[in-house]
Each structure stands twice: as structure tokens, then as C-alpha cells.
Amino acid sequence: MFASPMLSKTAFFVALCLASVSAMSTAGAQTATEIQLSYKDKKFEPAEISAAANTPVVIKLKNLDAKAMEFESKTLKVEKVVAGGGDAIINVRAQKPGRYEFFDEYNEKTARGALVVK
Ligand SMILES: [Cu+2]
């Protein structure tokens with residue numbers, strides 16, 4: 001009854017803050033889109049992969065070549081070395097619609113691909 005308007009305002013912002021934190025952790029628990037991606041003869045197969053917007057993506061990358069490669073994407077902010085014959089899991093945050101290019105840093109000219117988010 002005598003609560004100051006200032007205090008209730010603070011309580012409101014704290015509640016809002018907690019709500020957004022829980023919204024964020026819910027988003028983190030959201031089911032990710034799983035995409036299989038191969039790397040062979042210095043090329044990605046398929047060269048174009050797609051995923052829904054605002055959904056985390058898990059790229060399961062298999063390097064079928066004998067040499068190591070490095071999956072890299074500046075726009076997706078990922079970089080991962082995959083040993084020859086090895087595989088890796090690349091976690092990508094939920095993205096806005098767009099085209100996100102990636103490449104093998106060791107063979108940048110031939111090994112290019114893109115994640116298309118719709
Ligand atoms: Cu790199």
C-alpha cells in the first residue's frame with residue numbers, strides 16, 4: 001500500500017530481466033537442425049545447405065579426404081580444424097535469414113559452400 005513507485009519500478013525491471021534470461025535459456029534448449037556435410041576432393045558435399053531461421057544448427061562434418069581441412073565461416077563466426085578421415089560437430093547459433101558462406105581455409109578457392117537460412 002505504501003510501496004514507493006520507484007521500488008515497484010525496480011521490481012518490474014528485475015522481473016523483466018529474469019523473464020528474458022529464461023527466454024534465452026529456452027532458446028538454447030530449442031531443438032537444433034542437424035545437417036550432414038561431407039568434405040571430399042577438396043569440396044563440400046552438398047555445397048549448399050539450408051536451415052530455418054532462428055533455430056540453432058548442428059553441422060555434422062565428415063572429412064573424407066586424407067588431409068586435414070579447416071571449416072571456417074566469418075559470418076557464422078566458426079572455425080574448426082578437422083583431421084583427415086575425421087569428423088566434427090559444428091554448432092551454429094540461430095541465425096536471421098540470409099546466406100552464410102563457409103570455406104576450407106586450406107583450400108579456399110575450391111572448397112566453398114553456404115548455409116542458406118530461410
Ligand atoms: Cu582459420
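Q: Buried means under 20% relative accessible area, exposed means over 50%, and partly exposed lies in between. In this predicted model, which of these words fits Lys 60?
A: Start with the value for Lys 60, a relative accessibility of 29%. A value that is neither under 20% nor over 50% falls in the middle class. Lys 60 therefore counts as partly exposed.

Q: Is Glu 34 buried or exposed?
A: The relative accessibility of Glu 34 is 52%. The cut-off to pass is over 50%, so Glu 34 counts as exposed.

Q: How many residues apart are Glu 34 and Lys 60, which meet in a salt bridge?
A: Side chains of opposite charge can pair when their charged atoms come close. Here the side chains of Glu 34 and Lys 60 meet with 3.4 Å from N to O. Glu 34 sits in strand 1 (residues 33-40) and Lys 60 in strand 4 (residues 57-63), so the salt bridge links distant parts of the chain. The separation of the two is 26 residues.

Q: Which strand holds the Arg 99 that pairs with Glu 48?
A: Glu 48 and Arg 99 form a salt bridge, and their closest N and O atoms are 3.0 Å apart. This pair links distant parts of the chain, 51 residues apart, with Glu 48 in strand 3 (residues 48-51) and Arg 99 in strand 8. The strand that holds Arg 99 is strand 8.

Q: What is the relative accessibility of Arg 99?
A: Take its partner Glu 48 as a starting point: Glu 48 is partly exposed, with a relative accessible area of 47%. Arg 99 also counts as partly exposed. For Arg 99, the relative accessibility is 47%.

Q: Which strand does Asp 87, the partner of Lys 62, lie in?
A: The side chains of Lys 62 and Asp 87 meet in a salt bridge, at 3.3 Å from N to O. Lys 62 is in strand 4 and Asp 87 is in a strand made of residues 87-92, so the pair ties together parts that are 25 residues apart in sequence. That strand of Asp 87 is strand 7.

Q: Is Asp 87 buried or exposed?
A: Lys 62 has a relative accessible area of 42%, which makes Lys 62 partly exposed. For Asp 87 the relative accessibility is 53%. With the cut-off at over 50%, Asp 87 counts as exposed.

Q: How many residues separate Phe 44 and Phe 102, which form an aromatic pair?
A: Four aromatic pairs turn up in a search of the whole structure. One of them joins Phe 44 and Phe 102 edge-to-face, with 4.9 Å between centres and 90° between planes. Phe 44 lies in strand 2 (residues 43-45) and Phe 102 in strand 8 (residues 98-104), so the pair ties together parts whose separation in sequence is 58 residues.

Q: Which residues form one aromatic cluster?
A: We have already met Phe 44 and Phe 102, and both are buried. They belong to an aromatic cluster that also takes in a Tyr and another Phe. The cluster is formed by Phe 44, Phe 102, Tyr 39 and Phe 71.

Q: What arrangement do the four donor atoms around the copper ion make?
A: The copper ion is coordinated by OE atoms of Glu 70, Glu 72, Glu 79 and Glu 105, at 1.7 to 2.1 Å. Tetrahedral would need all angles between 85 and 135 degrees. The angles here run from 80 to 171°, which makes the arrangement irregular.

Q: Where does the copper donor Glu 105 lie?
A: The donor residues of the copper ion follow the spacing E-x1-E-x6-E-x25-E. Glu 72 lies in strand 5 (residues 69-73), and Glu 105 is 33 residues away in sequence, so the pair ties together separate parts. Glu 105 is in the loop between strand 8 and strand 9.

Q: Is Gln 95 buried or exposed?
A: Gln 95 lies in the loop between strand 7 and strand 8, and its side chain reaches the backbone oxygen of Arg 93 at 3.2 Å. Beyond its sequence neighbours within four places, Gln 95 has contacts that include Leu 76 and Tyr 100. Its relative accessibility is 14%. That is under 20%, so Gln 95 counts as buried.

Conventions: Residues numbered from 1 in each chain as written. Predicted model: local features only at pLDDT ≥ 70, side-chain atom pairs only at ≥ 80, totals over all residues. Heavy atoms only, no water. Phe/Tyr/Trp six-rings, centres within 6.5 Å; stacked < 30°, edge-to-face > 60°. Helix = DSSP H or I, 4+ residues; strand = E, 2+ residues; numbered from the N terminus. Buried < 20%, exposed > 50% of the residue type's maximum accessible area, 1.4 Å probe, protein only. Donors = N, O, S within 2.8 Å, 3.2 Å for Na, K, Ca; no water. Tetrahedral: all angles 85-135°; square planar, octahedral: opposite > 155°, others 65-115°. Salt bridge = Lys/Arg side-chain N within 4 Å of Asp/Glu carboxyl O. Polar contact = N/O pair within 3.5 Å; in protein donor to acceptor, adjacent residues only side chain to side chain. Contact = heavy atoms within 4.5 Å.
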